[in-house]
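User: Hey, can you walk me through this model? I'd like to start with the overall sheet layout.

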Amino acid sequence: MPPRNQPEREISSRRILLAGGAGFVGSHLAERFVRAGHEVICLDNLQTGRLSNIAHLMHEPRFSLLRQDIVQPVNVDGRLDEIWNLACAASPPQYQRDPVHTFRTCIQGSINLLELAREKNARILQASTSEVYGDPEVALQSESYRGAVNTWGPRACYDEGKRAAETLFFEYERLGVEVRIARIFNTYGPRMSPEDGRVVSNFVRQALEEEPITIYGEGRQTRSFCYVDDLVEGLVRLMASDARGPVNLGNPGEFTVRELADIVLAMTGASSRLVQEPMPQDDPRQRRPDITRARTELGWAPTVDLHEGLRRTIAHFRDELAEGRRIAQAG
């Protein structure tokens, strides 16, 4: 196994197409690849990606931005060694704004990138999701669990879209394309948008702005939270590996949503009160990954605990919110 920060496929320079490269996770990958001496083509329509996430890379000669939606055919001149598909809105408020486009991104977007991978003889990684397990009926979700998804629910455009995308990757693998599939569990960290709509960004923003903390139901539903640096390491190791089939990437530490709210309040020193709202339809009651396969085949496990990850995330949000206020006052 190569050292933690030097997977095998990082030893030589590569040309990488990073779909969704201006997003939260994509921008961290782009930064890592450029620093390692690879050429990165960032493909993003900026629907949820942010130019601020990649502003520090725009002057790099090995980095370029191709502003395009993957629903449209993707054409890239020259060779490609790897294609990474992270191009899809990932939080319910984002993907539910235009559910048809979300579904098309998962299906037609995947076909377009898979066809490009076949044309270029490139290895391709799909950023799938723990949402393929739906509202799970088992306490620990392993890759063999087939899930419990409502095909008629408000989350189905994303859940079923990602499930169908995995099927497409499987079928293209049978055609000879080298594919890798990561099932990503809740991830957080710097460069999340304060308006992202996911639980960590919601709680941190609300606490820092002394707004009420919104809890759905009684807050007993559980989540596992993986810091972005750990996820990026797992993704890089997966792409460099010989693993076939989906691999869970997430932190198996399990917290209730209420526990997360209490931790955020304590770490920010906020006096925000907790406000309960009705549970959204099909909101998962439990989410915890079995990462046995990642440990065994990738030699990977998360190393950043929740308190340390939140400390870094809160500091980033505090700076970003302060900068936003400064700009608003100047304008």
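Analyst: Sure, and keep in mind that this is a predicted model. It has an open sheet of seven strands, ordered β3-β2-β1-β4-β5-β6-β11, with parallel pairing.

User: Which are the edge strands?

Analyst: β3 (63-66) and β11, and each of them pairs on one side only. Going from one strand to the next, the twist averages 20°.

User: How many bridges pair β1 with β2?

Analyst: Five bridges, in the parallel sense, linking β1 (residues 15-19) and β2 (residues 39-43). As for who faces whom, Leu-17 stands opposite Ile-41 in β2.

User: OK, helices now. Which strands does α1 lie across?

Analyst: Helix α1 (residues 24-35) lies across β1, β2, β3 and β4 (82-85), and runs at about 170° to β1.

User: And where does α5 lie?

Analyst: Helix α5 (residues 156-174) lies across β5 (123-129), β6 (179-184) and β11, at about 155° to β5.

User: Switching topic: where is Gly-250 found?

Analyst: In the loop between β11 (246-249) and β12 (255-256).

User: Is Gly-250 buried or exposed, and why do you say so?

Analyst: Gly-250 counts as buried because its relative accessible area is 0%, and the cut-off for buried is under 20%.

User: What does Gly-250 touch?

Analyst: Leaving out residues up to four places away in sequence, Gly-250 touches Phe-185, Cys-226, Pro-289, Ile-291, Trp-300 and Pro-302.

User: How far apart are Gly-250 and Ser-201 in space?

Analyst: They are 17 Å apart, C-alpha to C-alpha, and 49 residues apart in sequence.

Conventions: Residues numbered from 1 in each chain as written. Predicted model: local features only at pLDDT ≥ 70, side-chain atom pairs only at ≥ 80, totals over all residues. Heavy atoms only, no water. Helix = DSSP H or I, 4+ residues; strand = E, 2+ residues; numbered from the N terminus. Buried < 20%, exposed > 50% of the residue type's maximum accessible area, 1.4 Å probe, protein only. Contact = heavy atoms within 4.5 Å. Pairing = 2+ DSSP bridges. Axes fitted to C-alpha atoms, helices over the stretch in contact; angles between N-to-C directions.
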